[in-house]
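I am opening a notebook on a structure that is new to me, and I want to write down what I look up in the order in which I look it up.

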Amino acid sequence: AFWIKKMFNLNKVGHGGTLDPKVSGVLPIGLENATKLMTYITKAGKEYICVMETHEKVDLSIVKKIAEEFKGTIYQRPPVRSSVKRRLRTRKVFDIEVLEGKDDKLFLLRISSEPGTYMRKICHDMGIILGIGAHMRELRRIRSGIFTESGLVTLQEVSEALYMWKNCKDETDLRKILLPMEIGLCGIPKIILDDNAVNAIAYGATANAPGIVAYQNFKKGDLVGLI
């Protein structure tokens, strides 16, 4: 986020969920006013591809069986090298799949979970249950909320797109990289407001039926986007 802020010469830049050092993958970045949306994107579900290495050889079928026990709500204490307080908490694992194994020690996992779930800790805890120990060897985030690897760009590509815009007046590549703020609301229900109601709501008024043009289905307590 710091490098993006510097490259674009912006006042505010935010990101949608920290990536630990040596971890690669999807990291949505919000620029200027879009920074306000990052709070909601950070809270969205995440999906990872992970390489777990066991400390002794173990059969693939046993690892698959143990992985099933980690689906649902689990207890986690953040690892020592983490940016949050190390207190016991619960996190939800939506799905965990053992994709393949190699040499009975390396196992490829795909895990989808709610934010704040530590893949490193899942590997460690699976090793304890297996009785042989295990650790996370590699990790890649393949999804953050609605954002996947399909739109992934590197800092090098961002730098080149900026160069083309500034020096060649060609904004083609930049337009592929920079997405409208509304994209960040794709994962939640939306209410379409009447033009006349927008100003009042911006000053704190509630959204009432006469000011609503259309809406998507939602229930009480849901997060919605006003468009």
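**Entry 1: Ser112.** I began with the contacts of Ser112, and leaving aside its neighbours within four places in sequence I found it in contact with Lys46, Glu47, Val93, Phe94, Asp95 and Arg143. I note at once that this is a predicted model, so every entry below describes a prediction. Looking up where the residue sits, I found Ser112 in strand 7, which covers residues 106–113. Is Ser112 buried or exposed? Its relative accessibility is 12%, and because buried means under 20% relative accessible area, Ser112 counts as buried.

**Entry 2: Thr90.** I turned next to Thr90, which is found in strand 6, residues 89–102. With a relative accessible area of 39%, Thr90 is partly exposed, since that class lies between the 20% limit for buried and the 50% limit for exposed. Leaving aside neighbours within four places in sequence, I listed Thr73, Ile74, Tyr75 and Glu114 as the residues that Thr90 is in contact with. I also looked up a separation: Thr90 and Ala134 are 44 residues apart along the chain, and their C-alpha atoms are separated by 21 Å.

**Entry 3: two residues with positive phi.** Which value does phi take at Glu32? It is positive, at about 50 degrees, although Glu32 is not a glycine. This residue lies in the loop between strand 3 and helix 2, and at 24% relative accessibility Glu32 counts as partly exposed. Asp103, also a residue other than glycine, has a positive phi near 55 degrees. I placed Asp103 in the loop between strand 6 and strand 7, and with a relative accessibility of 55% Asp103 counts as exposed, because exposed means over 50%.

**Entry 4: Ile192.** Further along the chain I looked up Ile192, whose place is in strand 10, residues 190–193. Not counting residues up to four places away in sequence, Ile192 touches Gly211, Ile212, Val213, Ala214 and Ile227. For one of these partners I took down the distance as well: Ile192 and Ile227 are 35 residues apart along the chain, while their C-alpha atoms are separated by 4.9 Å. At 34% relative accessibility, Ile192 counts as partly exposed.

**Entry 5: the spans named in the UniProt record.** I then went to the annotations, which come from an unreviewed entry.
- UniProt places the feature "domain: Pseudouridine synthase II N-terminal" at residues 5–119. Over that span I read 17% helix and 38% strand, with the end C-alpha atoms 29 Å apart.
- The feature "domain: tRNA pseudouridylate synthase B C-terminal" is placed by UniProt at residues 120–184. Here the chain is 48% helix and 20% strand, and 28 Å lies between the end C-alpha atoms.
- For "domain: PUA", UniProt lists residues 189–225. That span is 22% helix and 24% strand, and its end C-alpha atoms lie 6 Å apart.

**Entry 6: the largest pocket.** How many residues line the largest pocket? I found 34, of which Leu27, Pro28, Ile29, Val153 and Ile177 lie nearest its centre. The elements that give two or more residues to this lining are helix 1 (2–8), strand 3 (29–31), helix 2 (38–42), strand 9 (147–148), helix 5 (155–168) and helix 6 (172–177). Sorted by kind, the lining residues divide into 25 nonpolar, seven polar and two charged. I noted a volume of about 1100 Å³ for this pocket.

**Entry 7: the chain as a whole.** Stepping back, I recorded seven helices and twelve strands in the protein chain. Its C-alpha trace spans about 65 × 50 × 30 Å along the principal axes. Of the 227 residues, buried ones make up 33%, and the accessible surface comes to about 14600 Å², of which 52% belongs to carbon and sulfur atoms. Last, I looked up the contacts with a separation of 6 or more, and residues 24 or more positions apart account for 63% of them.

Methods
Residues numbered from 1 in each chain as written. Predicted model: local features only at pLDDT ≥ 70, side-chain atom pairs only at ≥ 80, totals over all residues. Heavy atoms only, no water. 1 Å grid on protein atoms, 1.4 Å probe; cavity = no way out; pocket = protein on both sides within 12 Å on 5 of 7 lines; lining within 4 Å. Points joined across faces, edges and corners; volume = space filled by probe spheres on them. Helix = DSSP H or I, 4+ residues; strand = E, 2+ residues; numbered from the N terminus. Nonpolar A, V, L, I, M, F, W, Y, C, P; charged D, E, K, R; others polar. UniProt positions renumbered as here; feature names shortened; annotations may be inferred. Buried < 20%, exposed > 50% of the residue type's maximum accessible area, 1.4 Å probe, protein only. Contact = heavy atoms within 4.5 Å. Areas by Shrake-Rupley, 256 points an atom, 1.4 Å probe, with all protein chains shown as cover.
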